[in-house]
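I sat down with this entry to look up a few things in turn, and I note below what I found for each.

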Amino acid sequence: MIRNSIDILQDFLINVRIADVVDVALISVFLYLILNWLRQSASRQSIIGIVSLFALYVMARFSEMYLTELLIEGLFAVILIGIVVVFQSDIRRLFERIGNWSIFWKNSHAPFDNRTTNIITEAVAKMAENKTGALLVLKGKENIDRHIHGGIPLEGKISIPLLHSIFNPKAPGHDGAVILEGERIIRFGAHLPLSTKLEKLSGGGTRHAAALGLAEQCDALVVVVSEERGSISIARDGTLQRLESVNQLKGILNEFWETRYETKESPLTSWWQSRDLRTAAASVILAVIFWFAFAYQSETVYRTFSVPIEYRNLQSSNLVLQDSIPLEARLTLSGSDQAFRLFDQSQLVVSFNLTNYSRGEELVITESNVNLPSDLSLYEVSPRSLKVRAQRLKEYTIPIEIPTRGTLPGRLSLISIKPERDSMNVFAVDSTRQVPRSLLTEPVDLSSIEASTELPRNLVIPENIRLPDTTSRQIGVAIKVKAKEN
Ligand SMILES: Nc1ncnc2c1ncn2[C@@H]1O[C@H](COP(=O)(O)OP(=O)(O)OP(=O)(O)O)[C@@H](O)[C@H]1O
């Protein structure tokens, strides 16, 4: 039993590559982001739905419930579009957070101290007592500009009289929300997005809907004082909570500052102590499970493919292949199932460079002739060696001839038709029977000639002839005529 486990462990260590470790690390980071986001996301119900669907898929895959697996795979595109539509704003938020790295780092630009908490709690307590409606937004790590409209910008240090004067019902700016960044009031009279989840408002009206609406879309903390009831509520992470006492508000504010802003501890220590560590551990464990479930494959799998054979550099080596050369070989490859899954068979090709080919030489298919990915190897080939009948071409110089068609108009007589050069060097198989005596151009139509002229004409190249790469297939033809004397 112990021996068996040691064997399995050994097998595992041999099979694991550095790329696999990086694979697991990347997936862990990805899962960490997703889990962190899920924890704060407003759409938990739908998330539970998706996770259940995924769990069902994994279960179906491992218990070989083909129909269920097929159905979920078939609906994958539809599910994906559904997810994007349902979580549009959440996904945008996630990418924004990744973009400004706010998932990992706390906000260091907005200092705070207990004074800020005391000012807020004292001012809020007073306003609750006097039944003065108020809406205070405490910015988190995320940018909230996109969600906030209107209002009046302000650069003021928070104070109790300032808050009271803003929310004074007789003051013109009391409608709307005050936006706080650390200890600074940066805007007042601001308009927040309204929540549509009326069931979460527990009797509150638009002020409470505005608080919840913002908390659904970002990580800000919103404090609401009800004008009607004199109650204090807070909205955060997509929930609205009515508070029992001002002391409770103090605790929540302190916790909010600690999680959102930098404290004296190093970020690593506070991250280590926060519940993010649990999320990180869960991400790594999940990534390892996924890796074992989907990627790890210790068994070797063999697959056979028909692969095209390509003969390169025939031109530069002046070779022609003769009929019945092999154009396809059957290759049996070995590797893990995972490697085959990521492998694009249509790219596979056996390729021979014939630059230094000598006549009669056998071409042997080895791994060096096949563009195999590094995680697959060549196990068997059929045929292993290829007999190619090729002939080297020889250079000949042959004259150029210009055929004509029709006759010149009656008033003209022909003096000469001359190509710009008399002959051309061509390549042909070394056999006099195959080399034409002259190289023809397209015919010149004499009936369309009005005067002496020069026309470009294409050469007509027979199949068994090859022009050197640098030679143009077009040449100029000079036609000289003169008017007939009456
Ligand atoms: N979108 C919004 N953004 C910011 N403030 C808003 C928004 N909508 C309404 N308010 C504020 O809420 C006030 C109206 O509150 P309303 O009585 O309708 O809601 P409520 O939740 O019942 O509040 P209260 O308990 O204080 O009466 C407005 O005068 C305005 O100050």
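Before turning to the ligand I fixed my terms: a helix here is a DSSP run of H or I with at least four residues, and helices are numbered from the N terminus. I also keep in mind that the model is predicted.

**Entry 1, the ligand shell.** Which helix gives the most to the shell around the ligand? I found that helix α9, residues 206-217, does so, with 4 residues. I counted 16 residues around the ligand, and D175, T206, H208, S226 and E227 are the ones that come nearest. Sorting the shell by residue type, I get 5 nonpolar, 7 polar and 4 charged residues.

**Entry 2, polar contacts of the ligand.** I looked up which atoms face the oxygen atoms of the ligand. For T206, an N or O atom of the side chain is 2.6 Å from an oxygen atom of the ligand, whereas for G205 a backbone N or O atom lies 2.7 Å from a ligand oxygen. At E227 I again found a polar backbone atom, 2.6 Å from an oxygen atom of the ligand. The ligand taken alone exposes 640 Å², and the protein buries 79% of that.

**Entry 3, strands β2, β3 and β4.** I followed strand β4 (residues 184-190), which is joined to strand β2 (residues 152-157) by 4 bridges in an antiparallel arrangement; in this pair I152 stands opposite F188. Strand β3 (residues 177-181) also runs antiparallel to β4, with 4 bridges between them, and here I179 has R187 as its bridge partner. The hairpin of β3 and β4 has 2 residues between the strands, and G182 takes a positive phi near 65° there.

**Entry 4, an open sheet.** In what order do the 3 strands of the open sheet lie? I read the order as β17-β23-β21, with antiparallel pairing. The edge strands, β17 (412-419) and β21 (453-458), each pair on one side only, and neighbouring strands are turned by 30° against each other on average, direction ignored. Between β21 and β23 (residues 474-483) I noted 6 bridges, and L455 stands opposite V477 in β23.

**Entry 5, the annotated segments.** From the unreviewed UniProt entry I took the annotation "transmembrane region", which covers residues 12-35, 66-87 and 277-296. I then checked residues 66-87 in the model, where the chain is 91% helix and 0% strand, with the end C-alpha atoms 29 Å apart.

Technical notes:
Residues are numbered from 1 along each chain as its sequence is written. This is a predicted model: local features need pLDDT of at least 70, side-chain atom pairs count only at pLDDT 80 or more; totals for chains, interfaces and linings use all residues. Side-chain values use heavy atoms; hydrogens and water are left out. Two strands pair if DSSP finds at least two bridges between them. Axes are lines fitted to C-alpha atoms, for helices over the stretch in contact, and angles run from 0 to 180 degrees between N-to-C directions. A residue is near a molecule or strand if one of its heavy atoms lies within 4 Å of it. A polar contact is a pair of N or O atoms within 3.5 Å; within protein, one must be able to donate a hydrogen and the other to accept it, and residues adjacent in sequence count only if both atoms are side-chain atoms. Accessible areas come from the Shrake-Rupley method with a 1.4 Å probe; for residues, only the protein chains shown count as cover. Ala, Val, Leu, Ile, Met, Phe, Trp, Tyr, Cys and Pro count as nonpolar, Asp, Glu, Lys and Arg as charged, and the others, Gly among them, as polar. UniProt positions are given in the numbering used here, feature names are shortened, and annotations may be inferred rather than shown by experiment.
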